[in-house]
Amino acid sequence: MNLLILSERDLREALPMRDAVAAMKEAFGALSAGDAVAPQRIHLSVEDQGAVSFLMGAYVPSMGLATKVVSVFPRNERAGRPVVTGLVEVLDPETGEPDALIDGTALTAWRTGAASGAATDLLAREDASVGALIGCGAQGRTQLLGIDAVRDLTEVRVAARSLDSAERFCRGMQDQVRPRLISVASAAEAVRGADVICAATTSRTPVLDGADLKEGAHLNGVGSFTLDMLELDPRSIERSTIFVDDVEAALGEAGELVAAERDGLTARDRWTPLGAVARGAVTGRSREDEITLFKSVGHAVQDVAAASRALARARELGLGLPVDL
């Protein structure tokens, strides 16, 4: 059995961010059109570590077949280890045989950043010029790359747990993006007046105040993925027109939306799948002063789209490590 192994470096070379954004639009479009087989992911709780592992997979006939194991161990941060780790297996859709193994840590962050790039491209104002980023982990890096790929931002304000962390992030990322990166002391300072905001933290309590959102702003919330995580505050949800990767997935994992619905601030029948916008079935932004929110918990169709594109291009470029099993 021939298997190709793709590293993070291979993935980035084979799937530039602009291509990844396009792949996410196709993935969400297929999902919303019913052209994907993608059961809800399985949660394996590791309670003594305050952690969780997920088992997920999807089959999209127009794209391919893939499975993933991904783990979120927040305590790893203390030891300087990745909080999110994983492995993606690409399967031959005709035989079920493994075709490739891809660094799931890198692919998860890359496709999540690309999803926010897709949502920003579909929902944010065309004249958006100021960005804000809350969270400076691996997800924060790809969120920045994602929004930079689709809007001509002049500056992005970066907030983290400490000003030192934000400053280090800005120094490390400045040569990879076009806008000027500015470290700020608080999320409020980052958000006020921003046109595009990305929240990418594992916080269980809100990291921003919805009252600070500028009219016409677009907000991406990608950090929380369980019902007891509340990265976004109720006011942000109440003020926003809400788009999700999948309504069913949001009901099972988007703690902020479920809590806000319980409190009467929103309703699931007003949540629009992003894929419906991507394929032109519904309109995204309807007014210049409208606040739009893309709340994503992540979906297996994203992994299939990103992995299949990366694998095809990697073979063209001769990337990866071939292994005979």
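This is a short walk through a predicted model of one protein chain, from the overall shape down to a few single residues.

Okay, let's start with the whole chain. We have 325 residues, and a compact globule with that many would have a radius of gyration near 20 Å; the chain comes out at 19 Å, which agrees. If you want a box for it, the C-alpha atoms fill roughly 55 × 45 × 40 Å along the principal axes. The accessible surface is about 13,800 Å², and carbon and sulfur atoms own 49% of that. As for burial, 54% of the 325 residues count as buried.

For the contact-map people: take the contacts with a separation of 6 or more, and 70% of them are between residues 24 or more positions apart. And on charges, there are 34 positive and 47 negative ones, with their mean positions 4 Å apart.

Now the secondary structure. The chain has eleven helices and 15 strands. Eight of the strands make an open sheet, and the order is β9-β8-β7-β10-β11-β14-β12-β13, with parallel pairing. Which strands stand at the edges? Those are β9, at 180–183, and β13, at 272–273; each has a single partner strand, so one side of each is left without a neighbour in the sheet.

Let's step inwards from the β13 edge. β13 runs parallel to β12, residues 241–244, and two bridges join them. One pairing to click on there is V244, whose bridge partner in β13 is P273.

Further along in the sheet we get to β11, residues 218–221. Buried or exposed, what are its faces like? Both are covered: H218 and N220 on one side, L219 and G221 on the other, and all of them are buried. β11 has a parallel partner in β10, residues 196–199, over four bridges, and in that pairing A199 stands opposite G221. It also pairs with β14, residues 292–295, again in the parallel sense and over four bridges. There, H218 stands opposite T292. So if you colour by burial, G221 and H218 show up as buried residues, with G221 facing A199 across one pairing and H218 facing T292 across the other.

Next, a separate bit of strand pairing, around β6. Strand β6 covers residues 98–103, and β1, residues 2–6, pairs with it in the parallel sense over three bridges. In that pair, L6 has I102 as its bridge partner. β5, residues 84–91, runs antiparallel to β6, with five bridges joining the two. Look for L87 there: its partner in β6 is D103. β5 and β6 form a hairpin with six residues between them, and in the turn G96 has a positive phi of about 80°.

On to the helices. I picked two. The α4 helix has eleven residues, and nine of them are buried, so it is largely enclosed by the rest of the structure. The buried ones are Q139, G140, T142, Q143, L144, L145, G146, I147 and D148.

Let me stay with D148 for a second. It sits in α4, which spans 138–148. Why does an aspartate there count as buried? Its relative accessibility is 8%, and the cut-off for buried is under 20%, so it passes. What does D148 touch, leaving aside neighbours within four places in sequence? The contacts are Q176, V177, R178 and P179.

The other helix is α9, residues 255–262, which is mostly covered, with six of its eight residues buried. Those six are G255, E256, L257, V258, A259 and A260. What covers them includes α7 (234–239), β12, α8 (247–253) and β14. So two strands from the open sheet, β12 and β14, turn up again here. Just after α9, there's another glycine for your Ramachandran plot: G264 takes a positive phi of about 80°.

Last stop, V46. You'll find it in strand β2, residues 42–46. With 23% relative accessibility, V46 counts as partly exposed. Setting aside residues up to four places away in sequence, V46 touches A51, V52 and F73. The F73 one is a nice distance to check: 27 residues apart in sequence, 8.8 Å apart in space, C-alpha to C-alpha.

That's my tour, so over to you for questions.

Note on methods: Residues numbered from 1 in each chain as written. Predicted model: local features only at pLDDT ≥ 70, side-chain atom pairs only at ≥ 80, totals over all residues. Heavy atoms only, no water. Pairing = 2+ DSSP bridges. Rg over C-alpha atoms; globule rule 2.2 N^0.38 Å. Buried < 20%, exposed > 50% of the residue type's maximum accessible area, 1.4 Å probe, protein only. Contact = heavy atoms within 4.5 Å. Areas by Shrake-Rupley, 256 points an atom, 1.4 Å probe, with all protein chains shown as cover. Lys, Arg positive; Asp, Glu negative; His and termini not counted. Charge placed at Lys NZ, Arg CZ, Asp CG, Glu CD.
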